[in-house]
Amino acid sequence: MKKLSGLWRNWLTGGLMKIEQENAAIEHSAGQETVLKGIAAASGIEIGIVLVVGNTPEQPLSFYETSPISISEQDVPFELSRLDAALETTRNEITEIRNKVKVSLDEKEAGIFDAHLLIVEDKKLKNEVVAGIKEKLLSAESVFSGVMQRYITAISSVADPYLKERAADVVDVAGRILGHLLGWKRTLLEHLPGQRIVVTKELTPSDTVMLDRENVQAFATETGAKTSHSAILARSMRIPAVVGIPGILSKVRNGDVMIVDGYQGVVILNPSPETLEEYALKEAENEKIYNDLLTESGQRSETLDGYRIALAANLDDPAKAVELEKYGAFGVGLFRTEYLFLKDHIPTEEEQYEVYSTLASRCGAAPVVIRTLDLGGDKISSLINFDQEPNPFLGLRSVRLCLAYPHLLKPQLRAILRAGVHGNICMMFPMLTCVDELDELLRILEQIKEELKREKIRFSENIKVGVMIETPAAALAADQFAERCDFMSIGTNDLVQYTMAVDRGNERVASLYRPFHPVILRLIRHVVEAAEHAGIWVSVCGEMAADPMYIPLLLGLGIRELSMSLVSLAPAKHVVRSMKYIDAESVAERSLLCSSHQEVKEIAETFLRMTARGVLDLNIT
Ligand code: PEP
Ligand code: MG
């Protein structure tokens, strides 16, 4: 240990000078063009500079921001205090780890952290950063990362194997300090240092909802799949995204140039000038196809043989309601209220009432389906005391959580009922498995209506109540659910997940996530028959509804309403307007007889090629 501390001091004084002179020419050289394949999560092409975001203090940022952020003279004291705070927090963190290791291992192992502390406490290093902030008028992280990058490059390039190995210690400590300067993941994502392509291991729905929308051009993640909630959010926010890219974090560095191709599900690192040109052309072509489709959005949503199909919007952000008309949406088929709960506080009844009634007034006579809170699974709010569960998607999710914590549910039901007087609001319960859950929810709803009456507060007495069919149990019991409610909406994202026993967000089993599988079609058909028998309406609001490949199939199975993200509406309307309902019925009949998802996919693809080929070529996600 003595040796290490001596060396560290040596680098910071004369020793480093020599190494620096020997390596004066070391520079960040542009890397080779590399194509990495992942899963297309949100359409669009973006070309930009990478920002790698670490996830936790245990998984520190190992790359450094390369574009310096300028500050004004007045900001200097603030930047110096941020530096002090970051060093102090890192020192406390390392001391704590050291003490834990000392108890669980021994003094020798714990000694490694003494070397880390020496780095944090080194006065010369700190003085260099302080001087940089004052003289160059750059932010603390810009100066700090520049200084550390220089040290690390120099240390890594010496021949001495012992010294070389110590570079890892410096990277570790520098990553911690930098992490605190930038704020861990969440803070960084909320305030990107300019236009960036975010590369990170995982983006949870609560990370995604807080993203700095002005500056995030695209994102690429190591985990995730097409129907994970972050992918759905990316589509709704119109941020091109590729997810499930194995090993991307070990291949990119901050400052790399990257193309994100959200149509094909690839990212290209350090693209050549030819590739850049090819992509610029591709993006222009795709935009043209899309804009042509958008010109149809005011037309009737009707098949060639005259069947009307309702196309509604899925919203997670109420601010998007102003765009319903532009994209040709007939109302809102699914408003995901949980995103209101993934911000910085739990919304009050009044705040929710405000949001729901504004939505309702904006939509006039068109229905606005407000789904009650669907937290849990991957949508974890730090505001609610979630216990860690071994299988969160099979745990206290959605209505189960609401029934366990009525203080979350009741204000929401009150707000929805009250907002109902401002338009055509419908209420929908997600993730049901058994009818007794629905019976209990309906009992609470009646209780709340009585409360509102007693309090003489206006509300919509006859609000329509629907259920989401998202579990095989609910699909098979659709007749019993249909007897008790006014409408059903099939949530195919979860229905596929729970039927195929495949985590919808796990890229490792993404190839087994098969919406085309004939068993899924059978379940959908069963639900449609139950709805027809009970005389109630049924829609699909999962991602199947948004994908042109599935639309003819769904219509052929008897679905007459589809709800999807705003950007998906124009291509969907084009598909509807290019086909005959009678042909869709034959597509569905043949598909129901298939035994594999591949066969169904071929039928669907051949049909789409014959009817709405342009949409297929665009490969919209
Ligand atoms: C679904 O499961 O299909 C659905 C629409 O709900 P979510 O994607 O929000 O789980
Ligand atoms: Mg769902």
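Which residues lie nearest the centre of the largest cavity? Select R336, R371, E470, N493 and D494; the full lining has 14 residues. A cavity here is a set of points, on a 1 Å grid over the protein atoms alone, where a 1.4 Å probe fits but cannot get out, and lining residues have an atom within 4 Å of a point.

This is a predicted model, in which local features need pLDDT of at least 70 and side-chain atom pairs count only at pLDDT 80 or more, while totals for chains, interfaces and linings use all residues. Residues are numbered from 1 along each chain as its sequence is written, chains are lettered from A and ligands numbered from 1 in the order in which they are written, and side-chain values use heavy atoms, with hydrogens and water left out.

**Stop 1: the largest cavity**

The space in this cavity is about 60 Å³, a volume being the space filled by probe spheres set on the points, which are joined across faces, edges and corners. Colour the lining by class to find 3 nonpolar, 4 polar and 7 charged residues. The classes are: Ala, Val, Leu, Ile, Met, Phe, Trp, Tyr, Cys and Pro nonpolar; Asp, Glu, Lys and Arg charged; the others, Gly among them, polar. Strand 10 and helix 18 each give at least two residues to this lining.

**Stop 2: ligand 1**

Now show ligand 1, which sits in the largest cavity (more than half of its atoms lie within 2 Å of the grid points). Its shell draws two or more residues from each of helix 10 (229–237), strand 10 (332–336) and helix 18 (492–500). These are DSSP runs numbered from the N terminus: helices are H or I of at least four residues, strands E of at least two. Helix 18 gives the largest share, 3 residues.

Select the 17 residues around the ligand, of which R336, R371, E470, N493 and R504 come nearest; a residue counts as near if one of its heavy atoms lies within 4 Å. By class they are 4 nonpolar, 5 polar and 8 charged.

Then draw distances from the ligand's oxygen atoms. One is 2.8 Å from a side-chain N or O atom of R336, and a distance of 2.8 Å also links a ligand oxygen to a side-chain N or O atom of R371. At G491 the partner is a backbone N or O atom, 3.4 Å from a ligand oxygen. Taken alone the ligand exposes 280 Å², and the protein buries 100% of that (Shrake-Rupley method, 1.4 Å probe).

**Stop 3: the second largest cavity**

Move on to R235, S236, R238, N314, L315, D316, D317, K320, L566 and V567, which line the second largest cavity. Helix 10 and strand 9 (310–315) each contribute two or more of them. About 50 Å³ of space lies inside.

How values were computed: A polar contact is a pair of N or O atoms within 3.5 Å; within protein, one must be able to donate a hydrogen and the other to accept it, and residues adjacent in sequence count only if both atoms are side-chain atoms. On a 1 Å grid over the protein atoms alone, a cavity is a set of points where a 1.4 Å probe fits but cannot get out, and a pocket is an open set with protein on both sides within 12 Å along at least five of seven lines; lining residues have an atom within 4 Å of a point.
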